[in-house]
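Here is a friendly round of questions and answers to follow with the structure open beside you. Shall we take a look together?

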Amino acid sequence: RVSDNSRFSQIFQRMDSQLFEFEHLVRGHHFDDAARLLNEIDEAYLSMWNHNKRIVAMRTRLIGNITDRQIESINLGYLGKSHYDLGNFDDVLLYCQKAIRVFDDSFTHEKEAQWWMTIGRVYLNRGEYEKSLESYHKALKASRELGNERDEGQALGLLGYPSYLLGKYREAIEFYEQALELVRKANDRLWEGYYVGNTGLALSDYGQFEQALNYHKESMKIGEETGNKRWQAIILGDLGKTYRRLGNYADAKNQHSEGVAISQSLGLKPNEGRCLAELGRDCLALPNYEQALQHLAEALAIAEEIQNPVDKNYSLAFIAVAHLLSGYSQIALQYIEKQEDISNLEKHYYELIHGIILLDMGEMKNAKITFEKSIQLARDLITKTPDLFSPFYTIALANAGLALVSSDQQQAQVLLRNAKEALSDAKKLCAAKGIIEERRALLEKIRERDTNDFLYLIKL
C-alpha cells in the first residue's frame with residue numbers, strides 16, 4: 001500500500017510535467033489541447049495547496065482562444081471555482097454563469113451542476129440564502145438529468161447549509177443524511193468529509209456538543225486522509241467554536257489560531273476572516289478585550305474586502321460587545337449600528353446586544369423598542385425551530401432589560417416572570433459553561449442599571 005505522503009508526491013510530480021507541457025502548448029497556440037491538458041489536472045489538489053492564483057492565471061490566458069464549446073465551458077467554470085477560494089465573488093458569478101450560457105437551455109452540460117453549486121456558494125457567502133437554495137436545486141436537477149449520483153450527493157449536501165442558516169436544522173440534517181448515503185456509495189471521501197462536518201455544525205447549534213465534537217473529529221480525520229488542507233482549515237473553525245461553547249477556551253483558541261494560519265497559507269480569505277472572528281470571541285470569553293478587538297478588527301477588514309455582509313455583521317456585533325464590556329458603550333453603539341439589515345439566525349442576538357448598549361447609555365425608550373424587536377425575532381426563530389437554545393436566552397435577557405425600563409410595576413413583574421421562564425427553558429436545552437458565561441457577562445451589564453436589585457431572581 002502506497003503511503004499518503006508518497007501518493008501525494010507522485011500526484012505533484014505528475015502535475016509538474018503536465019504544467020510544463022501546458023506552457024509549451026500555449027506558446028505554440030494549441031489552446032484547445034492546452035485546455036484539455038489543464039482539465040486533466042486534479043483541480044482539487046491544486047486548490048488545496050494554494051495554487052488558486054496560478055490556476056486563474058493559466059485559465060484566463062485561454063479565454064477567447066478555445067474553439068471547442070464544451071472545453072470552453074469547462075475552462076470558464078473552473079476559472080470561476082478558482083476565483084471562489086480567492087474571495088473574488090463577482091468573478092465567480094461572471095465566469096460560472098458564462099460557462100452555463102455557452103449552451104442553450106435544451107442541453108445540460110456534464111459540469112453544469114458543478115457551476116450551479118459554485119454560484120450557490122457565492123450567494124451563501126453574501127447572505128442571500130434563498131438564491132443559494134435556488135442555485136443548489138438547479139444543481140440537483142442537472143445532476144439527476146445526467147444520472148450523476150456523485151454530483152447529486154454533493155448538491156443534496158450543499159442544500160443542507162442554507163437550510164441550516166435559515167433555521168431549518170432538521171431539514172438540513174436530512175439533506176446531509178441523503179448526501180452521505182450517495183457520496184459513500186460513490187466512495188467520495190472528500191465530500192463525505194464535508195457533510196460529516198456540516199452535520200456536526202448543526203448538532204453544535206442544537207447544543208449537542210459532545211456528539212458534534214465526534215462529527216468534527218471524524219471530518220478532520222477524513223480531511224487529513226484525503227490531504228484536504230482547505231477543509232481542515234474550515235473544520236478547525238467549527239471545532240474551536242464547539243470547544244468555546246463547552247467553556248474550553250484554551251483549546252478553542254488553539255484550533256482557531258491554527259485555522260487562521262492554514263487559511264493564510266492557502267489564500268483562503270473567507271475562512272481566514274471567520275477563524276479570526278472566532279478567535280476574537282475566544283478572547284472575549286477569557287476575557288482579553290484588547291486581543292479580542294485586534295482579531296475582530298482583522299476579521300471585519302476581510303469581510304468588507306470580500307463583500308460578505310453576514311461575516312461583517314458578525315464581526316461588528318462582537319466588536320460592539322468588546323467595547324460594551326470594556327465600559328465604552330458610545331463606541332459600542334457606533335459599531336452595532338454599522339450592521340447591514342439582512343436576515344440572519346443571529347439577528348435576535350445582535351438586537352439584544354444593541355438593546356443592552358442603549359440601556360447602558362440611559363436611552364430607555366430606544367432600549368425598550370430594541371429589546372422588543374429582539375424578542376420578536378427570537379420567537380419567530382423558535383416557531384421554525386423550537387429546540388434551539390440561543391433564542392430562549394435572548395428572550396430571557398431582553399425581558400430582564402424590559403423589566404428595568406418599564407414604568408409600570410405590575411407589567412415589570414410580568415416581564416420578570418417571562419424572563420425567568422425563558423431562562424429555565426434555555427438551561428434545559430443547553431447549560432454548557434461557555435454558553436452560560438457569555439450570557440452572564442451581558443446580564444451583568446443589564447444589572448449595572450438595576451440600582452434596587454430588582455433582577456435578583458434572574459441568575460446565570
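Q: What is the handedness of the crossing of helix 17 and helix 23?
A: In this predicted model, helix 17 spans residues 309–325 and helix 23 spans residues 433–447. Their axes come within 11 Å of each other. The crossing they make is left-handed.

Q: Which word describes how helix 17 and helix 23 are set to each other?
A: The two axes cross at roughly 50°. Angles under 35 degrees would count as roughly parallel, and those from 65 to 115 as roughly perpendicular. Helix 17 and helix 23 are therefore oblique.

Q: How many residues of the contact of helix 17 with helix 23 are charged?
A: Helix 17 brings Phe 318, Leu 324 and Leu 325 to the contact, and helix 23 brings Glu 438, Ala 441, Leu 442 and Lys 445. Five of these residues are nonpolar and none is polar. The charged ones number two.

Q: Which helix gives the most residues to the largest nonpolar core?
A: This core holds 141 residues, and those touching the most other members are Tyr 195, Phe 318, Ile 357 and Phe 371. Phe 318 also sits in the contact with helix 23, and its partners farther than four places away in sequence include Arg 281, Leu 284 and Tyr 349. With eleven residues, the top contributor to the core is helix 17.

Q: How many residues are in the second, separate core?
A: Leu 19, Val 26, Leu 37 and Leu 38 are among its members. In soluble globular proteins, nonpolar side chains tend to be buried together. The count for this second core is 13 residues.

Q: Is Glu 351 buried or exposed?
A: Glu 351 belongs to helix 19, residues 347–360. Leaving aside residues up to four places away in sequence, it touches Thr 370, Lys 373, Ser 374 and Leu 377. Buried means under 20% relative accessible area. Because its relative accessibility is 12%, Glu 351 counts as buried.

Q: Is His 29 buried or exposed?
A: His 29 is found in the loop between helix 1 and helix 2. Its phi is positive, near 65°, in a residue other than glycine. The cut-off for exposed is over 50%. His 29 has 58% relative accessibility, so it counts as exposed.

Q: What is the omega of the peptide bond from Leu 286 to Pro 287?
A: Pro 287 is placed in the loop between helix 15 and helix 16. The bond that joins Leu 286 to Pro 287 is cis. Its omega is near -10°.

Conventions: Residues are numbered from 1 along each chain as its sequence is written. This is a predicted model: local features need pLDDT of at least 70, side-chain atom pairs count only at pLDDT 80 or more; totals for chains, interfaces and linings use all residues. Side-chain values use heavy atoms; hydrogens and water are left out. Axes are lines fitted to C-alpha atoms, for helices over the stretch in contact, and angles run from 0 to 180 degrees between N-to-C directions. Helices (H or I, at least four residues) and strands (E, at least two) are DSSP runs, numbered from the N terminus. Angles under 35 degrees count as roughly parallel, over 145 as roughly antiparallel, 65 to 115 as roughly perpendicular and the rest as oblique. A crossing is left-handed if the near helix is turned anticlockwise from the far one by less than a right angle, and right-handed if clockwise. Contact means heavy atoms within 4.5 Å. Ala, Val, Leu, Ile, Met, Phe, Trp, Tyr, Cys and Pro count as nonpolar, Asp, Glu, Lys and Arg as charged, and the others, Gly among them, as polar. Buried means under 20% relative accessible area, exposed over 50%, partly exposed in between (1.4 Å probe, protein chains only). A nonpolar core is a set of buried Ala, Val, Leu, Ile, Met, Phe, Trp, Tyr and Cys residues joined through side-chain atoms within 4.5 Å.
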